[in-house]
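I sat down with this one to look up how the charged and the nonpolar side chains are arranged. My entries follow in the order I made them.

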Amino acid sequence: MLERLYNTITGRILLKVLTAPVISKICGTFLDSRASVILIRPFVRSNAIDLSEYYSDDFKCFNDCFARRIKPYLRPFDADPASFVSPCDGLLTAYEIKDGTVIPVKQSRYSVASLLHSKKIASHYEGGYCLVFRLCVDNYHRYSYIDNGVKGVNRFIPGRLHTVQPVALRDIPVFTENSREYTVMKTENFGHVTQVEVGAMLVGKIRNYHGRHVTRRGEEKGCFLYGGSTIILLVEKDRVVIDDRILAASAQGRETGVVMGECIGRKRSITGNIQG
């Protein structure tokens, strides 16, 4: 279906309707209603979700199920503060930022300034990393802070809502067109890290819990409601050494499955050594 939407004339006409934020709002309203509970059992069954891993299966609507809260022992955060951890479950790719631009393999390139609508903030990440975590519908859709520190205000950028599946990423700069929200975090161990939550087709909401806030490593930051979604972390130059297996896979255009709290890199010391 997605191939037809993005690669045929009639599909692209329909796509203009499906990616409009108003459609997401309509879907979100239904998925927040009690009538949507009829979708829960088929969703759980088709995605082989083990509800015993979560706090409750007494869901009042579909979005209660979609944003279900997992038991903490199943998503422990690496205890070493020098470990750079994943903020969420998902499929990870890591890209170097060169000349202000991210150039994914076989995908549309985009600039960090266009992602954030800010050349000033983007300039801090030249030579650093852009880490893209693509969440599929069966992933855990809550996300957490990666380190102790202080976060700034949330900045919302309105836009459309394309799917974040590879079929769309090939031809459309999805991350700079889709609705998204970001904040700059001053972390204890990794310098300034900007986290961007990107909405996708039929996502009802990006729900962040805090404005300006003192963060704790592993503290829940927010959640997505229905739809595949993406989290992007921007990391300054010489702050983090990303795991070799992730870099190797990314260079070949392959994603690496990760879970929230998993170590995906190490803090780089001022002398250039890896800490830990």
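**Salt bridges**

I began with a network of salt bridges that links Arg69, Arg142 and Glu220. Worth noting at the top of the page: this is a predicted model.

Inside that network I looked up Glu220 and Arg142, whose side chains meet at 2.7 Å, N to O. Glu220 sits in strand β13 and Arg142 in strand β6, so this bridge ties together parts that are 78 residues apart in sequence. Are the two partners buried or exposed? Both Glu220 and Arg142 are buried.

I then asked how many salt bridges the structure holds, and the count is 10. Arg75 and Asp89 make one of them, also at 2.7 Å, N to O. Arg75 is in the loop between α5 and β1, and Asp89 is in the loop between β1 and β2, 14 residues apart. I have Arg75 down as buried because its relative accessibility is 18%, with the cut-off at under 20%. Asp89 is buried as well, at 3%.

Next I pulled up Arg245 and Glu262, a salt bridge at 3.0 Å, N to O. Arg245 belongs to helix α10 (residues 244-251), while Glu262 is in the loop between β16 (256-258) and β17 (263-267), 17 residues apart. Arg245 is partly exposed at 40%, and Glu262 is partly exposed at 23%.

**Around strand β6**

I went back to strand β6 for Ser144. Ser144 counts as buried, at 3% relative accessibility. Leaving aside neighbours within four places in sequence, its contacts include Phe77, Pro87, Gln195, Met260 and the salt-bridge residue Glu220.

**Aromatic pairs**

I get six aromatic pairs. The rings of Phe62 and Phe66 have centres 6.3 Å apart and planes at 25 degrees, so I logged the pair as stacked. Both are in helix α5, four residues apart, about one turn of the helix. Phe62 is buried at 3%, and Phe66 is buried at 1%.

Tyr143 and Phe224 make a tilted pair, 5.3 Å centre to centre with 55 degrees between the planes. Which strands does this pair link? Tyr143 is in β6 (residues 142-144) and Phe224 is in β13 (residues 220-224), 81 residues apart. Tyr143 has a relative accessible area of 0%, and Phe224 is likewise at 0%.

I also noted that Phe43, Phe62 and Phe66 form one aromatic cluster.

**Nonpolar cores**

Which residues touch the most other members of the largest nonpolar core? They are Phe84, Leu131, Phe133 and Ile264, out of 39 residues. Elements giving two or more residues to this core include α4 (40-46), α5 (62-66), β1 (83-85) and β2 (90-96). The biggest share comes from β5, with four residues.

I followed up on Phe133. Apart from neighbours within four places in sequence, Phe133 contacts a set of residues that includes Leu91, Leu92, Ile231, Leu233, Val258 and Ile264.

There is a second, separate core of 18 residues, with Val112, Ala122, Val132 and Val198 among them.

**On the surface**

Last lookup: Phe30, Val37, Ile38 and Leu39 form a nonpolar surface patch, with about 340 Å² of accessible area together. Phe30 is in helix α3 (residues 21-31), and I marked Phe30 as partly exposed because its relative accessible area is 37%.

Notes:
Residues numbered from 1 in each chain as written. Predicted model: local features only at pLDDT ≥ 70, side-chain atom pairs only at ≥ 80, totals over all residues. Heavy atoms only, no water. Patch = residues over 30% accessible without salt bridge, like charges linked within 9 Å, V, L, I, M, F, W, Y side chains within 5 Å. Areas by Shrake-Rupley, 256 points an atom, 1.4 Å probe, with all protein chains shown as cover. Salt bridge = Lys/Arg side-chain N within 4 Å of Asp/Glu carboxyl O. Buried < 20%, exposed > 50% of the residue type's maximum accessible area, 1.4 Å probe, protein only. Core = buried A, V, L, I, M, F, W, Y, C linked by side-chain atoms within 4.5 Å. Contact = heavy atoms within 4.5 Å. Phe/Tyr/Trp six-rings, centres within 6.5 Å; stacked < 30°, edge-to-face > 60°.
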